[in-house]
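Me: I am new to this structure and would like to learn how to read its features one at a time. Could you take me through them slowly?

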Amino acid sequence: MMKATAEASANIAFIKYWGRKDARLRLPYNASISMNLSGCVTTTTVEFSRDYEQDIVAEGFDKKRIITHIDRLRKLAGIQQRVHMKTKNSFPTSAGIASSASGFAALTVAAAAALGLKLSEKELTNLSRLGSGSACRSIPDGFVKWEDSFAYSLYPPEYWDLRDVLVIVKQTQKHVSSSTGHDGAATSPDFGKRLETVSGRIVRIQEALRTKNFKAFGEVTEEDCLDMHHVMQTQSPPLFYWNNTTKRIMDAVTGWRAIGLPVYFTIDAGPNVHLICEGKDEKKVMKVLQSRIWLRQRIKEIIVNKPSKGARVV
Ligand code: DP6
């Protein structure tokens, strides 16, 4: 039977991927570094069969992009059978959390297994990248680096007990997808400056990871987030992913640090805020979040994530 199920976590990038030097191959301008998120998991089942007359993919997703990806795998396996695919996310898809990373990682691993392809982890990262760039970072375990065409694990999940307290805020409008956003990145007059400085941040974050220096780690994470959003806001057309709640949380984080709580923020292509802290401070972060009435009113959901394993067949 040509059927398999795989699970993959979404990931949060501390050094971000924004802009592609080759859009079709999804090759990034710069390296990025991320952590897999234990609380944001996609489970995908695919089955190929001679009895199927057409490809049927899960509702609510970009069918063309999914079938293009499955075609890559079918071609590799030399198999033309039609596919039925089912998928579910452990997190609300409507919450605006990017599900393309966990989605394409789970799809790649499930389809490769169902088609009997014996691929190395490196090959799986390469393939999943063609579906969605950040998906390649959801294949290896724990803390991951993506360079050029492939990604690999820097440290396993148990290496450092970090938390990503993901604050999902009420969304007012639909946002431009990151796929579209990447195309405009290089139009920002400050994109060149980002490329000049990002390699220094890669060195700094790897050093902070190696020495488990949380302050240095948090500082460079915020710096890169703000730098990416500066590019987004100055590219043409400009992209503004933050809403008022996002900005108030960013401001509050600075205040919480001033009163001795080591917590930092990072934000992707949407209004939700990822609060990064060490495991020992998780409860304190939850407490400050719940102690603010204005925040309680605007938070839709909080997902507490630990570092997690990479994609795998289940
Ligand atoms: C802002 O991986 O979603 O989250 O390659 O077009 O699928 P595609 O883009 P995607 O971009 C993610 C952008 C980001 C930063 C990051 O995760 O590094």
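**Reading pockets, a ligand and the backbone**

Reply: Let us begin with a pocket, keeping in mind that this is a predicted model. Helix H1 (63-77) and helix H3 (121-131) each supply at least two residues of the lining of the second largest pocket.

Me: How is empty space found, and what is the volume of the second largest pocket?

Reply: Rolling a probe the size of a water molecule over the atoms shows where empty space is left. In this structure, the second largest pocket has a volume of about 210 Å³. Its lining takes its largest share, four residues, from H1.

Me: Which residues line the second largest pocket, and how do they divide into nonpolar, polar and charged?

Reply: The lining is made up of Arg 24, Leu 25, Arg 26, Asp 62, Lys 64, Arg 65, Thr 68, Arg 72, Leu 130 and Gly 131. Sorted by character, the residues of this lining are two nonpolar, two polar and six charged.

Me: Turning to the ligand, which residues come nearest to it?

Reply: There are 18 residues around the ligand, and those that come nearest are Tyr 17, Ser 132, Gly 133, Ser 134 and Ser 179. For polar contacts, one looks at pairs of N or O atoms within 3.5 Å. The side chain of Tyr 17 has an N or O atom 2.6 Å from an oxygen atom of the ligand, a polar side-chain atom of Ser 132 is 2.6 Å from a ligand oxygen, and an N or O atom in the side chain of Ser 134 also lies 2.6 Å from an oxygen atom of the ligand. Taken alone, the ligand exposes 460 Å², of which the protein buries 97%.

Me: Which helix gives the most to the shell around the ligand, and where does the ligand lie with respect to the domains?

Reply: Helix H4 (residues 178-184) gives the most, with three residues. Domain 1 (2-157) and domain 2 (159-305) both contribute residues to the shell, so the ligand lies between them. By character, the shell holds five nonpolar, seven polar and six charged residues.

Me: Finally, which peptide bond is cis, and which residue has a positive phi although it is not a glycine?

Reply: The peptide bond from Ser 236 to Pro 237 is cis, with omega near -5°, and Pro 237 is placed in the loop between helix H6 (214-234) and helix H7 (244-258). The residue with a positive phi, of about 50°, is Asp 148, which lies in the loop between strand S6 (143-147) and strand S7 (150-155).

Key: Residues numbered from 1 in each chain as written. Predicted model: local features only at pLDDT ≥ 70, side-chain atom pairs only at ≥ 80, totals over all residues. Heavy atoms only, no water. Near = heavy atom within 4 Å. Polar contact = N/O pair within 3.5 Å; in protein donor to acceptor, adjacent residues only side chain to side chain. Areas by Shrake-Rupley, 256 points an atom, 1.4 Å probe, with all protein chains shown as cover. Nonpolar A, V, L, I, M, F, W, Y, C, P; charged D, E, K, R; others polar. Domains from an automatic or database assignment. 1 Å grid on protein atoms, 1.4 Å probe; cavity = no way out; pocket = protein on both sides within 12 Å on 5 of 7 lines; lining within 4 Å. Points joined across faces, edges and corners; volume = space filled by probe spheres on them.
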